[in-house]
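Thank you all for coming. I would like to walk you through a structure that is new to most of this group, so please have a look at it before I begin.

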Amino acid sequence: MAELSTLESLLEMGFGRNGAERAVANTGNQGIERAMDWLMEHENDPDIDEPYVPPVGNVLAGEDSQADPYQPTAGDTAEGIEGGDMQEEFKEEGTKRQMMTEEEKQEQVKRLEELMRVKQAERRERERAEEVEREKQRRRQGQELLQIKQKLQDDEMKQLADQRRKEKMEDKMAKQRVKEKIARDREERAQKFGGGGSGMSSPPAQPSPSSPTGQGPPPTKKEYDECRIQVRLLDGSAITAVFKAQEPLAAVRVYVQMNGNTPEGQDFTLLSPYPRHVYTELDMEKPLKELGLVPSAVLVVTKK
């Protein structure tokens, strides 16, 4: 049975002429399967339906042209081949094509359409597999991105935790240095004020029990070596502590810093409400006894 040409088969199957011509030309007229594959791969090309202009010397099989495709060319009349015999063979082939019945054409078109359906099914399956692979790749990339993001967050949290520990350690060391300084100041003042009897006035003699009460010297003022300090904080609460009479007012300030609820970094000062007196930095080095805070006193914390 005679066969339709590739171009004719594509046209019989319903493909446009322009696209069919491009498929035949771009596949080198190597068969209907190659042409169908090319059409399915390039069906979305923007120029698929534009008129096809073949390059010079490119003749599409099955197209009408001035030259008879079944006539021998110059190369077919080479030495050793009888031109008349070759021409006769081409004519017989052309006659066979012309003698194809309509039923034969329809049968061949059916075979080609079935082949095209198979090709399309294979293509859809291939596209589905490619889509599944692309989705897997996208998910892998998403998971990798999440892992990288999580690692960056973990590193950032670790750095923040290290920074906080460092700041706490520095604050602890600073408070320790203040404590040590207060301890040294206590020792120095104890040695300065309580080390020897020289330079210190001796307490007045106590009146003898036999002396008349009205004729004896006035009672001496009691000496206190401790004082009770109550400190009112910024939020209205109060804390109370006992200090040595010779301790500096700075000891009270440090106690408030360590035991009060004053915000960290908040600078403050101390004052006596009655009579009102705001203590300065110079007062911080003076003993509590010298400031008149013995045996007890109330101080108020105010913002500086």
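How many salt bridges does the count come to? The count comes to 22 salt bridges, and I will return to several of them, but I should say at once that what you are looking at is a predicted model.

Let me start with how confident the predictor was. The protein chain has an average pLDDT of 77, and 74% of the residues score at least 70. Residues 61-87 keep a pLDDT under 50, and for that stretch the model has 25 contacts beyond four places in sequence. The pLDDT is also below 50 over residues 196-202, a stretch with one contact in the model beyond near neighbours in sequence.

Now to the overall layout. The secondary structure of the protein chain consists of six helices and five strands, and if you read from the N terminus on, the elements run α-α-α-α-α-β-β-α-β-β-β. The protein chain has 304 residues, of which 24% count as buried. If we take the contacts in the protein chain between residues at least 6 apart in sequence, 60% of them join residues at least 24 apart.

The strands deserve a closer look. Five strands form an open sheet with mixed pairing, in the order β2-β1-β5-β3-β4. The edges are held by β2, residues 238-244, and β4, residues 277-278, and because each has a single partner strand, one side of each is left without a neighbour in the sheet.

Turning to the pairings that involve β5, strand β1, which covers residues 226-232, runs parallel to β5, residues 296-303, and five bridges join the two. Within β5, Leu 299 is the bridge partner of Val 231, while Val 300 stands opposite Arg 232. Strand β3, residues 268-272, runs antiparallel to β5 and is joined to it by four bridges; here Thr 269 stands opposite Thr 302 in β5.

Let me come back to the salt bridges, with a general remark: side chains of opposite charge can pair when their charged atoms come close. One of the pairs here is Asp 47 with Arg 22, whose side chains meet at 4.0 Å, N to O. Asp 47 lies in the loop between α3 (32-41) and α4 (83-98), whereas Arg 22 belongs to helix α2 (residues 17-26), so this pair ties together parts that are 25 residues apart in sequence. As for their surroundings, Asp 47 counts as partly exposed at 32% relative accessibility, whereas Arg 22, with a relative accessible area of 13%, is buried.

Two further salt bridges sit within a helix. The side chains of Glu 131 and Arg 134 meet at 2.6 Å, N to O, and because these residues are three apart in helix α5 (residues 102-194), about one helical turn separates them. Glu 131 is partly exposed, with a relative accessible area of 42%, and Arg 134 is partly exposed with 49%. Glu 135 and Arg 139 form a salt bridge at 3.1 Å, N to O, and these residues lie four apart in helix α5, again about one turn of the helix. Here Glu 135 is partly exposed at 24% relative accessible area, while Arg 139, at 54% relative accessibility, counts as exposed.

There is also a network of salt bridges, which links Arg 253, Asp 267, Glu 281 and Lys 304. Arg 253 has a further feature, in that it lies over the face of Phe 268, at 4.5 Å from the ring centre.

That brings me to the aromatic rings. How many aromatic pairs does a search of the whole structure find? The search finds one, and it is formed by Phe 243 and Tyr 255, which meet edge-to-face, 5.8 Å centre to centre and with 90° between the planes. Since Phe 243 lies in strand β2 and Tyr 255 in helix α6 (residues 249-259), the pair ties together parts that are twelve residues apart in sequence. Is Phe 243 buried or exposed? At 7% relative accessibility, Phe 243 counts as buried, whereas Tyr 255 is partly exposed, with a relative accessible area of 26%.

I will stop there and take questions.

Technical notes. Residues numbered from 1 in each chain as written. Predicted model: local features only at pLDDT ≥ 70, side-chain atom pairs only at ≥ 80, totals over all residues. Heavy atoms only, no water. Pairing = 2+ DSSP bridges. Buried < 20%, exposed > 50% of the residue type's maximum accessible area, 1.4 Å probe, protein only. pLDDT = per-residue confidence, 0-100. Contact = heavy atoms within 4.5 Å. Phe/Tyr/Trp six-rings, centres within 6.5 Å; stacked < 30°, edge-to-face > 60°. Lys NZ or Arg CZ within 6 Å of the ring centre and 35° of its normal.
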